[in-house]
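Biologist: Can you walk me through this one? I'd like to hear about helix packing, then any empty space inside.

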Amino acid sequence: MLLKNKVAIVTGGSRGIGYAVVEEFINEGAKVVLCASREETADKALASLREKHPDAEVSAITPKLSDYGDVKAQFDKVVERFGGIDILVNNAGISESTPFDKYTEELFEKVMDLNVKGIFNCSRAVVDYMEKKGSGVIINTSSMVSICGQGAGVAYPASKCAVNGFTLSLARELGPKGIRVNAVAPGITDTDMMQAVPKEIIEPLIARIPLRRLGTPKDVANAFVFLASDMASYITGVTLSVDGMARS
């Protein structure tokens, strides 16, 4: 098992890619605490995970990620229970596609609060524990739109570009302290949100992907497992694209 007895926190872990990351971490022997925005979604995810993995050590918390005090208080409880935090996955985020002429300051701030400030708060809350131990892994969820942009909704690609810069800079700063920081940039992934998109929109998207299929949550989760494990012990500051594309 690649993550045996590691303690991991996964934000946005109740659905989609985050849920797949939680499940693959469990499969690799980790003790996982998932973060969700609401107790109902956390409870639903936990019930599903415990049914499929009855021996797993998995629990949930619901911090407000834009509030550092709340994040720190709930992460402290994780440390009290497990003795530390080995892995942080900053996966929680929101996407949107509002045209620029209809954009509001409030919408821009909402996206940045979760997609950027949330990552800052969670990373800040775990670094002290990791520094004391002399090791740790932080993995942030970026997006292919940080590389290629998108047709509308400027806050989302802007926030993911910020994630890439945050990842690279924090990796340089924390590397001497034994902490690795990387990011995963998923492409179009077959989550529950994509299943609501009409077939006539999906098929042209697939035709532009060299591998000729959408990614699965497991495809993306496997990249998180690799970067969290000792197999990636000499990798830091990288934004790993998992999008089926071929780039020079």
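Modeller: One term to start with: angles under 35 degrees count as roughly parallel, over 145 as roughly antiparallel, 65 to 115 as roughly perpendicular and the rest as oblique. Also, this is a predicted model.

Biologist: OK. At roughly what angle do the axes of H1 and H8 cross?

Modeller: Roughly 50°. H1 covers residues 16-27 and H8 covers residues 217-228. Their axes come within 8 Å.

Biologist: So why are H1 and H8 called oblique?

Modeller: The crossing is roughly 50°. That falls outside the parallel, antiparallel and perpendicular ranges, so H1 and H8 are oblique to each other.

Biologist: Is that crossing of H1 and H8 left-handed or right-handed?

Modeller: Right-handed.

Biologist: Which residues in H1 meet H8?

Modeller: Gly16, Ile17, Ala20, Val21, Glu24 and Phe25. On the H8 side they meet Pro217, Lys218, Val220, Ala221, Asn222, Phe224, Val225 and Ala228.

Biologist: And the mix by class in the contact of H1 with H8?

Modeller: Ten nonpolar, two polar and two charged residues.

Biologist: New topic. How many cavities of 30 Å³ or more?

Modeller: One. The largest cavity has a volume of about 30 Å³.

Biologist: Which residues line the largest cavity?

Modeller: Thr11, Leu65, Asn90, Asn91, Ala92, Leu114, Gly118, Ile119 and Cys122.

Biologist: Which helix gives the most to that lining?

Modeller: Helix H4, residues 105-133, with four residues.

Biologist: How many charged residues are in the lining of the largest cavity?

Modeller: None. The lining has five nonpolar and four polar residues.

Note on methods
Residues are numbered from 1 along each chain as its sequence is written. This is a predicted model: local features need pLDDT of at least 70, side-chain atom pairs count only at pLDDT 80 or more; totals for chains, interfaces and linings use all residues. Side-chain values use heavy atoms; hydrogens and water are left out. Axes are lines fitted to C-alpha atoms, for helices over the stretch in contact, and angles run from 0 to 180 degrees between N-to-C directions. Helices (H or I, at least four residues) and strands (E, at least two) are DSSP runs, numbered from the N terminus. A crossing is left-handed if the near helix is turned anticlockwise from the far one by less than a right angle, and right-handed if clockwise. Contact means heavy atoms within 4.5 Å. Ala, Val, Leu, Ile, Met, Phe, Trp, Tyr, Cys and Pro count as nonpolar, Asp, Glu, Lys and Arg as charged, and the others, Gly among them, as polar. On a 1 Å grid over the protein atoms alone, a cavity is a set of points where a 1.4 Å probe fits but cannot get out, and a pocket is an open set with protein on both sides within 12 Å along at least five of seven lines; lining residues have an atom within 4 Å of a point. Grid points are joined across faces, edges and corners, and a volume is the space filled by probe spheres set on the points.
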